[in-house]
Amino acid sequence: MMYDRAMLIYNGKAGQQEAATLLGSVTAVIAPEVRELVLFQTQEPGDGERACRERGSSFDLVLIMGGDGTVHECINGLAALSEPPLVGILPAGTCNDFARSLNLPVDLVQAAQQLMQGNRRMIDLGAAGDRVFTNFFGIGLITDASENINTGLKGTLGRISYFISTLQTVRSAEPFSYRLDWDKGTLEGEAVMIYVSNGRFLGTQSLPFPEEALEDGVMDVMIIREAGIPLLKEMLSRKNKGAWEPKDDSIHYFQTASLNLSTAEPMKADTDGEKYMETPSALEVRKGALEFLTGEV
């Protein structure tokens, strides 16, 4: 399929030589399918969101080249539009969890080739107030783990640093008091993590959620009461198809279209790896909010 106008957003803070090489490889795949291709280079946080919010409607297709944080920023700009364009993700981050949920390969050239095949799906977004998230919203252990990542390790070891950090954080996880109101009642108690998911991957690992998680109109919620290595294995081990029933009784799992979450004290929340929100939070699903190009099913 030929697109009339497309905008490709990429991180201008990346090394110039590396960015030029990646762009050259990707545009070689995309250019034959686009009559007019505009490259937009971000320089500061917020640039991608503003570009999408202010210019997104004038394009048939917006391609976002970056990691989960860049995707999170740009999607918040596109989700605000009354007539958003088609969206494509070109994974160029450490984990690329949302791209994985879209069945896209993490190799940039292969991902571009898959996108240009034209497979489309209407995808849900999670919403926390007036902000949206593609992959997850979490408090507790998930936030502590991402804050404790050693930046030197991340650059050297990539995704492995996330697991090293998680294992270190698991040993010192502190419980917190919470109240969660959802469509079937109220839950109260203590937990070390509450994880509300729209996607199916965390730290490159497949989570045991339904394959249709991105388009089923509900969020997958895990309340983790206790931490430990068995819990880590339960969460990150690939499961068989079908409904998931946790074997570990320290996990309470359910699905809901909306919830209200409060904690005894305000807690920092992690949304797609970005930490700028806190509890209390009202969350809901925006079903079929944006149309994405996806990989092969």
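This tour proceeds from one selection to the next through a predicted model.

**The cores**

Begin with I75, I89 and L90. Within the largest nonpolar core, which has 44 residues, these three touch the most other members. Next, colour strand β1, residues 3–11: with 6 residues, this strand gives the most to that core. In soluble globular proteins, nonpolar side chains tend to be buried together.

Centre the view on I89 and display its surroundings. Leaving aside residues up to four places away in sequence, I89 touches I64, V71, F98, A99, L102, L104, L115 and F292. Then move to F176, I223, F254 and V285, which are included in a second, separate core of 23 residues.

**Helix α3**

Select residues 68–78, which form helix α3. Of the 11 residues in this helix, 9 are buried, so the helix is mostly covered. The buried positions are D68, V71, H72, E73, C74, I75, N76, G77 and L78. Two of these names recur on the tour: V71 is among the residues touched by I89, and C74 is considered below with the cysteines.

**Helix α5 and the loop before it**

Select residues 108–115, helix α5, and show the side chains. Which residues of α5 are buried? They are L108, A111, A112, Q114 and L115. These residues lie on the same side of α5 because they cover an arc of only 160 degrees around the axis. One of them, L115, is also touched by I89.

Now look at the N-terminal end of α5, which D107 caps. A side-chain oxygen of D107 lies 3.2 Å from the backbone nitrogen of V109.

Step back along the chain to N103, in the loop between α4 (97–101) and α5. N103 is not glycine, yet its phi is positive, near 65 degrees. With a relative accessible area of 33%, N103 is partly exposed.

**Salt bridges, beginning in helix α2**

The whole structure contains 9 salt bridges. Select helix α2, residues 47–55, where R50 and D47 both lie. These two residues form a salt bridge in which the closest N and O atoms are 2.7 Å apart. R50 and D47 are 3 residues apart, about one turn of the helix. An α-helix has 3.6 residues a turn, so residues three or four places apart point the same way. R50 is partly exposed at 43% relative accessibility, whereas D47 is buried at 15%.

Add R53 and E49 to the selection. Their side chains meet in a salt bridge with an N to O distance of 2.7 Å. R53 and E49 are 4 residues apart in α2 and are thus separated by about one helical turn. R53 is partly exposed, at 40% relative accessibility, and E49 is buried, at 13%.

Move next to R179 and D181. The closest N and O atoms of this salt bridge are 3.1 Å apart. R179 is partly exposed with a relative accessible area of 35%, and D181 is likewise partly exposed, at 23%. Return to α2 and add R131 to the view: salt bridges that share partners join E49, R53 and R131 into one network.

**Cysteines**

Select the cysteines. How many disulfides does a search of the whole structure find? The search finds 0. C52 is in no disulfide, and its nearest cysteine sulfur, that of C74, is 4.1 Å away. C52 is buried, at 0% relative accessibility. C95 is also buried, with a relative accessible area of 5%.

**Loops towards the end of the chain**

Select S250, in the loop between α9 (229–236) and β14 (251–256). S250 is buried, at 6% relative accessibility. Show I224 as well: S250 and I224 are 26 residues apart along the chain, and their C-alpha atoms are separated by 5.9 Å.

Continue to D272, in the loop between β16 (268–271) and β17. D272 has a positive phi of about 55 degrees, although it is not a glycine. At 4% relative accessibility, D272 is buried.

The last selection is P280, in the loop between β17 (274–278) and β18 (281–293). A cis peptide bond joins T279 and P280, with omega about 5 degrees. Most residues other than glycine have a negative phi, and most peptide bonds are trans.

Methods: Residues are numbered from 1 along each chain as its sequence is written. This is a predicted model: local features need pLDDT of at least 70, side-chain atom pairs count only at pLDDT 80 or more; totals for chains, interfaces and linings use all residues. Side-chain values use heavy atoms; hydrogens and water are left out. Buried means under 20% relative accessible area, exposed over 50%, partly exposed in between (1.4 Å probe, protein chains only). Helices (H or I, at least four residues) and strands (E, at least two) are DSSP runs, numbered from the N terminus. The arc is that of the directions from the helix axis to the C-beta atoms. A polar contact is a pair of N or O atoms within 3.5 Å; within protein, one must be able to donate a hydrogen and the other to accept it, and residues adjacent in sequence count only if both atoms are side-chain atoms. A salt bridge is a side-chain nitrogen of Lys or Arg within 4 Å of a carboxyl oxygen of Asp or Glu. A disulfide is a pair of cysteine sulfur atoms within 2.5 Å. A nonpolar core is a set of buried Ala, Val, Leu, Ile, Met, Phe, Trp, Tyr and Cys residues joined through side-chain atoms within 4.5 Å. Contact means heavy atoms within 4.5 Å.
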